[in-house]
Amino acid sequence: MDVEGKSGRSFVRARAALAAGSLGLLLAVGGCGASGDSMDSGAKAADGKAAPREGFADGDGGAAASAAPEEQAAGKKAAPKPGGIHVIRTATLSVEVKSVPKAVAAARGAAEGAGGLVASENTERLDDTYETSHLVLRVPQERFQEVLRELAGSGKLLSRTSNAKDVTDQVVDVESRISTQRASVARVRELMDQAEKISDVVALEGELSSRQSDLESLLAQQASLKDRTSLATITLDLTPPDAPGDDGSKDEDPGFLDALGGGWDAFVTMLRWIAVAFGAAFPFLLTAALAVVVWRVLRKRKADRRAAPAVTAAPAGKDGAPAS
C-alpha cells in the first residue's frame, strides 16, 4: 500500500510538472505571439502614423505650395508697379542756333507733336540782326527723353541739366488724406441731418466749412502733383552765335576811330543834357530877367522924380545967375 501510494503521488507530481511545463510553454508561445502581434500592430500603427504624417506633410506642402503663389501675388501687389511710380522730371537746356526764329518754331513743333504744349515764351531782340528766346515746354513723361534729345540736337549744346524727383510717397499720402477727409465731411453732414438744436447746427456748419476747406486744399495738392508728374518741364534757352569776324579784339585793343567815336558820343550826350537842363530852367530865367528889367525901370523913374523938384526950387540973381 505504501509503495502504491508513493508511486501514485509520484505520478501525480509528474503529471503536475508536465502540466506546468506545458502551461509555461503555452504561455511562452502566447507571449511571443502577443509580442509579435504587438510589434506588428506597433509597426502598423507606426506605419499608420507615419503615413498620416506624410500625408499631413504633403498637405502642409500643398498648402504651402498653394499659399506660395498667393504670397507671391500679394508680394507683387505690394511691390510698386512702374505705372504706380510718380516722378517729377525737369530739364534745362542752353543751345546756340543759327536762326532763333526757326529754332523756336522747331521747339514748338517738337513739344506739340509729342502731345505737350509751350507754357511760356519770351523773345528778346539784341539788335537789328540777332535775338534770343526763352521757352518753357511741357511734354508727357513717356516722350520726355525723346523731346530732350531732339532739342539738344537742334544746334550747338552749351549746357544741359536734368533732374528727377520721386514723389510717390507724397502722392499716396495725399490720396489717403483725401479719402479720410471725405469720410470726415460725410460724418459731419450726417450729424447735421440729425441735429435738432440751432446751436448744434451752427457749430456743425463751422466744422463742416473747416473740413471742406481742408479737403479742397488737399484736392488742389493732388491736382498739382498730377500735373507735374504727368507732364515734364523743359526750359530751353536759344541764343545766336557771335557775329562773323567778331572775335572781341576791338574790345581788347580799341583804335583811334573807336576812341573818336566814343568821345563824340560823350560830347553829344553832354550837349543833349545841357539842352535838357536849359530847357527846364528857361521859364525861370525868363521870369527873373523880366523882373530885373521892371525893377530897373521903376528905379530910374523914381530917381528922375527926385531930381526934378531940386532944379526948379533955386532963385535967380540980378544978372541972371542963381543966388549964392
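Which residue does the side chain of arginine 177 meet in a salt bridge? In this model, which is predicted, the side chain of arginine 177 meets that of aspartate 173, with a distance of 3.8 Å from N to O. Both residues lie in helix H4, where they are four residues apart, or about one turn of the helix. Arginine 177 is partly exposed, with a relative accessible area of 42%, and aspartate 173 is likewise described as partly exposed, at 39%.

## The chain as a whole

The protein chain has 324 residues, of which buried residues make up 16%. Its secondary structure comes to seven helices and five strands, and, read from the N terminus on, these elements follow the order α-β-α-β-β-α-β-α-α-β-α-α. The accessible surface of the chain comes to about 24,000 Å², and 59% of that area belongs to carbon and sulfur atoms. If one takes the contacts between residues at least 6 apart in sequence, 76% of them join residues at least 24 apart.

## Salt bridges

Side chains of opposite charge can pair when their charged atoms come close. The count for this model comes to six salt bridges, and the table lists some of them, including the pair from the opening question.

| Salt bridge | Closest N and O atoms |
|---|---|
| Glutamate 121 and arginine 108 | 2.7 Å |
| Aspartate 227 and arginine 138 | 3.3 Å |
| Arginine 177 and aspartate 173 | 3.8 Å |

Glutamate 121 forms a salt bridge with arginine 108, and this pair links distant parts of the chain, since glutamate 121 belongs to strand S2 (residues 117–125) and arginine 108 to helix H2 (residues 100–113), 13 residues apart. Glutamate 121 is partly exposed, with a relative accessible area of 40%, and arginine 108 is partly exposed with a value of 28%.

Aspartate 227 forms a salt bridge with arginine 138. Because aspartate 227 lies in helix H5 and arginine 138 in strand S3, this pair ties together parts of the chain that are 89 residues apart in sequence. Aspartate 227 is partly exposed at 34%, whereas arginine 138 has a relative accessibility of 12% and therefore counts as buried, the limit for a buried residue being under 20%.

## Buried residues and what they touch

Serine 133 has its place in strand S3, which covers residues 131–140, and it is buried, with a relative accessible area of 4%. Its side chain is joined to that of threonine 123 by a polar contact of 3.3 Å. Leaving aside residues up to four places away in sequence, serine 133 touches several others, among them Val100, Val104, Glu121 and Leu236. Glu121 is thus both a neighbour of serine 133 and a partner of arginine 108 in a salt bridge.

Threonine 168 lies in helix H4, which spans residues 168–194. Threonine 168 is buried, with a relative accessible area of 14%, and a polar contact of 2.6 Å joins its side chain to that of aspartate 166. When residues up to four places away in sequence are not counted, threonine 168 touches Gly84, Ile85 and His86.

Leucine 215 is found in helix H5 (residues 198–230) and is buried, with a relative accessible area of 7%. Beyond residues up to four places away in sequence, leucine 215 touches Ile178, Gln181, Arg182 and Val185. The C-alpha atoms of leucine 215 and serine 184 are separated by 9.6 Å, although these residues are 31 residues apart along the chain.

## Helix H7: aromatic pairs and a nonpolar patch

A pair of aromatic rings is described by the distance of the centres and the angle of the planes. The count for this model comes to two aromatic pairs. Tryptophan 264 and phenylalanine 267 form a tilted pair, 5.9 Å centre to centre, with 40 degrees between the planes. Because they are three residues apart in helix H7, tryptophan 264 and phenylalanine 267 are separated by about one helical turn. Tryptophan 264 counts as exposed, with a relative accessibility of 55%, whereas phenylalanine 267, at 38%, counts as partly exposed.

The rings of phenylalanine 278 and phenylalanine 282 have their centres 5.8 Å apart and their planes at 55 degrees, so this pair is tilted. Phenylalanine 278 and phenylalanine 282 are four residues apart in helix H7, about one helical turn. Phenylalanine 278 counts as partly exposed at 49% relative accessibility, and phenylalanine 282 as partly exposed at 40%.

Helix H7 covers residues 256–312. Trp264 and Phe267 also belong, with Met270, Leu271 and Ile274, to a nonpolar patch on the surface, and together these residues have about 520 Å² of accessible area.

Definitions and conventions. Residues are numbered from 1 along each chain as its sequence is written. This is a predicted model: local features need pLDDT of at least 70, side-chain atom pairs count only at pLDDT 80 or more; totals for chains, interfaces and linings use all residues. Side-chain values use heavy atoms; hydrogens and water are left out. Helices (H or I, at least four residues) and strands (E, at least two) are DSSP runs, numbered from the N terminus. Buried means under 20% relative accessible area, exposed over 50%, partly exposed in between (1.4 Å probe, protein chains only). A polar contact is a pair of N or O atoms within 3.5 Å; within protein, one must be able to donate a hydrogen and the other to accept it, and residues adjacent in sequence count only if both atoms are side-chain atoms. Contact means heavy atoms within 4.5 Å. Patches are made of residues with over 30% relative accessible area and no salt bridge: like charges are joined within 9 Å, nonpolar side chains (Val, Leu, Ile, Met, Phe, Trp, Tyr) within 5 Å. Accessible areas come from the Shrake-Rupley method with a 1.4 Å probe; for residues, only the protein chains shown count as cover. A salt bridge is a side-chain nitrogen of Lys or Arg within 4 Å of a carboxyl oxygen of Asp or Glu. Rings of Phe, Tyr and Trp (its six-membered ring) pair if their centres lie within 6.5 Å; planes under 30 degrees apart count as stacked, over 60 as edge-to-face and the rest as tilted.
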